[in-house]
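Student: I am new to this structure. Please take one part of it and go through that part closely.

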Amino acid sequence: MGLGGCIILIAVGAILTFATDWHMEGVNLDLVGIILMLVGLIGVATFSGIAKRRRVLVPPPTTTVIEEERHHHHRDGYSDGYGV
């Protein structure tokens, strides 16, 4: 049961408790409504607790910097073409 089902339980429980004046023999509709609202509230609390745990923060990807190896050649004036 998801969050929507829990909210429906709360709404049906509130309707049975506060908006009806039916009297059924052997059934206390006010008590049934309160029980439905409590179950709905417990469901909302459980659902929100699970939803918080599911939200995993993924760190931003780190960029890998690859530095080229620089070959330091000794410039002797002849190998680079300038001293010819």
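Tutor: What follows is a close look at helix H1, with a short view of the whole chain before it. This is a predicted model, in which local features need pLDDT of at least 70 and side-chain atom pairs count only at pLDDT 80 or more, while totals for chains, interfaces and linings use all residues. Residues are numbered from 1 along each chain as its sequence is written, and side-chain values use heavy atoms, with hydrogens and water left out.

The protein chain has two helices and zero strands; helices (H or I, at least four residues) and strands (E, at least two) are DSSP runs, numbered from the N terminus. Of the 84 residues in the protein chain, 13% are buried. Buried means under 20% relative accessible area, exposed means over 50%, and partly exposed lies in between (1.4 Å probe, protein chains only).

Helix H1 covers residues 3–19. Its 17 residues should span 24 Å at 1.5 Å a residue, and its end C-alpha atoms are 23 Å apart, which agrees. The expected span is 1.5 Å times one less than the number of residues in the helix.

The buried residues in H1 are Cys6, Leu9, Gly13, Leu16 and Thr17. Seen down the axis of H1, its buried residues fall within an arc of 95°, so they line one face of the helix. The arc is that of the directions from the helix axis to the C-beta atoms. An α-helix has 3.6 residues a turn, so residues three or four places apart point the same way.

On the face of H1 turned away from its buried side are the exposed residues Ile8, Phe18 and Ala19. Ile8 counts as exposed because its relative accessible area is 55%. Between the C-alpha atoms of Ile8 and Gly40 there are 7.7 Å, although 32 residues separate the two along the chain.

Gly4 also lies in H1, and it is partly exposed because its relative accessibility is 45%. From Gly4 to Val44 the C-alpha distance is 9.0 Å, with the two 40 residues apart in sequence.

Leu3, Ile7 and Phe47 make a nonpolar surface patch of about 240 Å². Patches are made of residues with over 30% relative accessible area and no salt bridge (a side-chain nitrogen of Lys or Arg within 4 Å of a carboxyl oxygen of Asp or Glu); like charges are joined within 9 Å, and nonpolar side chains (Val, Leu, Ile, Met, Phe, Trp, Tyr) within 5 Å. Accessible areas come from the Shrake-Rupley method with a 1.4 Å probe, and for residues only the protein chains shown count as cover. Phe47 belongs to helix H2, residues 29–54.
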